[in-house]
Amino acid sequence: RASLASTCRTFRLLGSLPCLWGSLDLRSYKFDTAAAVSLSLRCKNLQRLKFPASGSADAIVSLQARELREISGDFCRDITDAALSVIAARHEMLESIHLGPDPCERISSDAIKALAYCCPRLRRLWMSGVKEANGDAINALAKHCRQLMELGFVESDNIDEVALGNLSSLKFLSVAGTRNLKWGSVAQVWSRLPQLVGLDVSRTDVNLSAITRFLSLSRNLKVLIALNCPVFEGEVDRNTMHNNKGRILLTLFSDIVKGVASLFADNLESVTDVFQHWKEIRNGDKNLDEVVVWIEWAISHSLLRIAENNLKEFDDFWLTQGAAVLLSLLQSSQEEVQERAATAVATFVVIDDEDATVHCQRAEAILCGDGIRMLLNLARSCQEVLQSEAAKAIANLSIDSKVAKAVAESGGIDILANLAKSTNRLVAEEAAGGLWNLSVGDEHKGAIAEAGGVKALVDLIFKWPPSSTDVLLERATGALANLGADEKCSMEVALAGGIHALVMLARTCKFEGVQEQAARALANLAAHGDSNSNNAAIGQEAGALEALVQLTYSQNEGVRQEAAGALWNLSFDDKNREAISAVGGVEALVALAQSSLDASQGLQERAAGALWGLSVSETNSTAIGRQGGIAPLIALASSDVEDVHETAAGALWNLAFYRDNALRIIQDDGVQPLVHLCSSSNSKMARFMAALALVYMFDGRIDSAVPVGPSASSQGSSKSLNIDGVGRMALKHVEE
């Protein structure tokens with residue numbers, strides 16, 4: 001908006017209208033003092049601000065938004081007592097402060113007292129992981145903030161629980177995840193809070209006795225939330241906790257939907273989407289609206305934390321009601337709740353980040369509950385944080401093939417392709433991740449290309465510098481690698497400038513994840529040599545072959561594997577084959593084969609395959625033999641893995657065509673592995689190539705007796721081999 005105002009007088013006038021500057025969400029941007037100063041002239045009437053807390057304290061003051069009513073900050077680890085005190089002193093009109101969910105590790109009682117003294121209109125204060133909140137600080141809130149109705153000290157260690165009993169104006173209190181509370185005195189003191197309507201003790205060590213006291217002694221308590229409270233859950237008889245004198249107890253083992261619905265619905269059986277139902281029937285009851293809004297906030301926070309812990313013991317909960325509650329929260333009227341619900345969906349479906357494994361039943365629970373439609377609607381939002389979190393959920397869910405199909409059929413590919421063009425890095429990053437997952441199979445590659453996804457992904461590489469966008473670039477190159485495996489899409493990638501972009505990353509990016517995916521993408525693009533010119537085009541791109549050869553020396557096995565795979569495919573082109581050799585490819589690949597003997601099967605196959613490809617020419621074949629490439633190939637030919645010994649046999653077949661190499665194979669004890677392959681491999685191709693190698697080796701070019709074994713090439717070798725006898729044995733196996 002600020003940039004638009006600089007284009008002409010009309011837009012300058014429009015761009016300064018107060019209605020455009022009542023609320024700002026800067027969480028996805030670099031918000032520093034310079035940015036704040038540039039916005040300050042427009043922020044005189046700013047009332048709501050969401051900001052990335054890291055490094056932003058001074059910037060908030062520089063906005064000069066003295067009318068601020070609400071602030072909400074993420075990533076609050078760096079906010080200090082002094083910084084928060086200054087913010088409070090400059091914004092005495094503040095009514096709502098939310099800092100979290102990251103812990104506010106450097107905030108203590110001093111800052112809380114400053115808030116109390118400076119912000120007497122404070123109605124809502126919610127902080128995560130504060131260092132301490134002592135009696136003086138809490139009593140200052142009680143004395144100066146007479147309108148304080150909602151307080152959250154969550155996931156903290158040192159809270160004066162007795163002093164909290166002095167906050168007589170409180171209607172809602174959350175201590176979810178807070179440790180070291182003395183529940184005997186807590187239940188007695190908090191039960192006397194005259195206005196208390198909602199209490200959240202989730203993820204604490206609260207016991208049955210305290211829960212019972214809250215329910216029986218609190219005068220106005222309507223809702224008690226106790227999700228994931230192991231001590232209480234271990235003590236309670238779950239069959240007897242239903243009659244609570246009209247008060248609602250929400251636990252992992254109670255029916256959360258029916259519990260919340262009982263506040264406002266006559267027919268509980270008809271309510272399945274409780275928060276959406278509340279939005280539709282709102283009856284003007286302000287007090288009840290406050291209760292439901294607070295419940296949404298509290299439950300969404302705890303469910304996100306439970307999802308992040310990813311414990312198997314919650315499987316039943318997620319499948320019986322947790323997924324349904326998240327779906328209901330996705331339709332909340334509060335954007336923050338929708339964001340947390342989308343993040344929780346993205347988190348709880350993934351059971352292994354390393355292998356990108358999803359819990360199929362959880363994913364399909366979201367699918368069956370119409371969650372894909374809800375998430376796609378959020379992805380269309382104009383709020384970028386919502387776009388980002390919804391795209392992340394769609395991306396993770398799309399690992400499941402059934403969900404991926406539903407996303408594609410619901411227009412999700414078009415939405416993700418558009419989001420990939422976003423100027424917001426986080427949005428583009430999650431959209432690229434979604435396209436990466438959707439492009440894994442063959443079903444959706446064409447649709448991604450038709451939606452403009454290929455060009456959007458290539459443009460991402462040129463748009464974002466590698467320094468701070470490694471994850472984004474890895475996802476974009478990963479998606480292009482998948483798309484490049486399809487012949488038609490590979491041509492789209494090339495037309496969009498993808499070869500130049502991928503080579504640029506392979507040459508300049510230092511992040512191993514990007515290097516691996518860029519090499520894999522080039523390998524896939526080069527795999528269609530019979531049907532398009534991409535293979536030759538990659539070889540002609542300045543620095544491409546040198547970069548791939550250098551990547552074979554990487555410390556990361558995945559990078560080495562994909563680089564070798566790319567060189568293997570590129571070696572099918574005659575010019576590339578010689579060019580690879582000219583930039584040190586033979587030496588690099590021989591070294592890779594030698595070092596791969598204890599590596600993964602994939603790396604072994606590609607190292608042998610790349611040498612096989614280079615060995616087609618006499619010059620390269622001779623160089624491979626001279627530089628010690630035969631011994632590791634013999635070792636790989638002895639592998640029990642079909643793909644590995646097949647490629648090694650192919651390389652040895654080519655090498656054996658030349659007398660010096662045939663001699664080296666015999667001297668390095670290569671006859672027996674080839675005889676074994678010729679006789680025993682399940683691969684017809686491996687048997688055929690081993691047979692051809694043996695025929696070349698014993699065609700009469702080699703003397704009748706040669707030294708063999710590890711020291712065969714040195715003088716004084718005492719062991720020799722009768723070529724005629726061995727040759728007859730080998731050729732007998734060939735004949736068989």
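Which residues are linked with Asp25 in a network of salt bridges? The network joins Asp25 with Arg27, Asp74 and Glu339, and the model in which it appears is a predicted one. The count of salt bridges comes to 29, and the briefing below takes up three individual pairs, then the contact between two domains, and then some details of the backbone and of one arginine side chain.

**Salt bridges between parts distant in sequence**

- Glu290 and Lys171 form a salt bridge in which the closest N and O atoms are 2.7 Å apart. Because Glu290 belongs to helix H12 (residues 286-309), while Lys171 sits in the loop between strand S6 (150-154) and strand S7 (172-174), the pair ties together parts that are 119 residues apart in sequence.
- Both partners of this pair fall in the buried class, since Glu290 has a relative accessible area of 16% and Lys171 has a relative accessibility of 17%, where buried means under 20%.
- Arg362 and Asp315 form another salt bridge, with 2.3 Å between the closest N and O atoms. This pair also links distant parts of the chain, as Arg362 lies in helix H15 (residues 360-368) and Asp315 in helix H13 (residues 315-329), 47 residues apart.
- Arg362 and Asp315 are both buried.

**A salt bridge within one helix**

- Arg577 forms a salt bridge with Asp574, and the closest N and O atoms of the two are 3.0 Å apart. The two residues are three places apart in helix H30 (residues 574-582), so about one helical turn separates Arg577 from Asp574.
- The two ends of this pair fall into opposite classes: Arg577 counts as buried because its relative accessibility is 9%, whereas Asp574 counts as exposed because its relative accessibility is 52%.

**The contact between domain 2 and domain 3**

- The chain is divided into domain 1 (1-169), domain 2 (171-254) and domain 3 (255-381). In the contact between the latter two, domain 2 takes part with 20 residues and domain 3 with 20 residues.
- The size of an interface is often given as the accessible area lost when the parts come together. Between domain 2 and domain 3 the buried area is about 1,700 Å², and carbon and sulfur atoms give 72% of that area.
- Three residues, Phe172, Arg203 and Leu252, supply 31% of the area that domain 2 buries against domain 3, which is more than any other three residues supply.
- Between these two domains the count is one salt bridge, together with seven residue pairs in polar contact, both residues of each pair being at pLDDT 80 or more.
- On the side of domain 2 that touches domain 3, at least two residues each come from S7, strand S8 (198-200), strand S9 (223-225) and strand S10 (248-250). Of these elements, S8 gives the largest share of that side, namely three residues.
- By residue class, the side of domain 2 that touches domain 3 is made up of twelve nonpolar, five polar and three charged residues.

**Backbone details**

- The peptide bond that runs from Gly100 to Pro101 is cis, with omega near 10°, and Pro101 lies in the loop between strand S4 (96-99) and helix H5 (109-118).
- Asp370 has a phi near 70°, a positive value in a residue other than glycine. Asp370 is located in the loop between H15 and helix H16 (371-379), and with a relative accessible area of 36% Asp370 is partly exposed.
- Asp669, which is not a glycine either, has a positive phi of about 60°. Asp669 is placed in the loop between helix H36 (659-667) and helix H37 (671-680), and with a relative accessible area of 43% Asp669 is partly exposed.

**The surroundings of Arg247**

- Arg247 is part of the loop between helix H9 (230-235) and S10, and Arg247 counts as buried because its relative accessibility is 14%.
- A polar atom of the Arg247 side chain lies 2.3 Å from the backbone oxygen of Leu215.
- Leaving aside residues up to four places away in sequence, Arg247 touches Phe214, Leu215, Ser216, Leu217, Ser218, Arg219, Asn220, Leu221 and Lys222.

How values were computed:
Residues are numbered from 1 along each chain as its sequence is written. Side-chain values use heavy atoms; hydrogens and water are left out. A salt bridge is a side-chain nitrogen of Lys or Arg within 4 Å of a carboxyl oxygen of Asp or Glu. Helices (H or I, at least four residues) and strands (E, at least two) are DSSP runs, numbered from the N terminus. Buried means under 20% relative accessible area, exposed over 50%, partly exposed in between (1.4 Å probe, protein chains only). Domain bounds come from an automatic or database domain assignment. Contact means heavy atoms within 4.5 Å. Buried area is the accessible area (1.4 Å probe) that two parts lose on being put together, summed over both. A polar contact is a pair of N or O atoms within 3.5 Å; within protein, one must be able to donate a hydrogen and the other to accept it, and residues adjacent in sequence count only if both atoms are side-chain atoms. Ala, Val, Leu, Ile, Met, Phe, Trp, Tyr, Cys and Pro count as nonpolar, Asp, Glu, Lys and Arg as charged, and the others, Gly among them, as polar.
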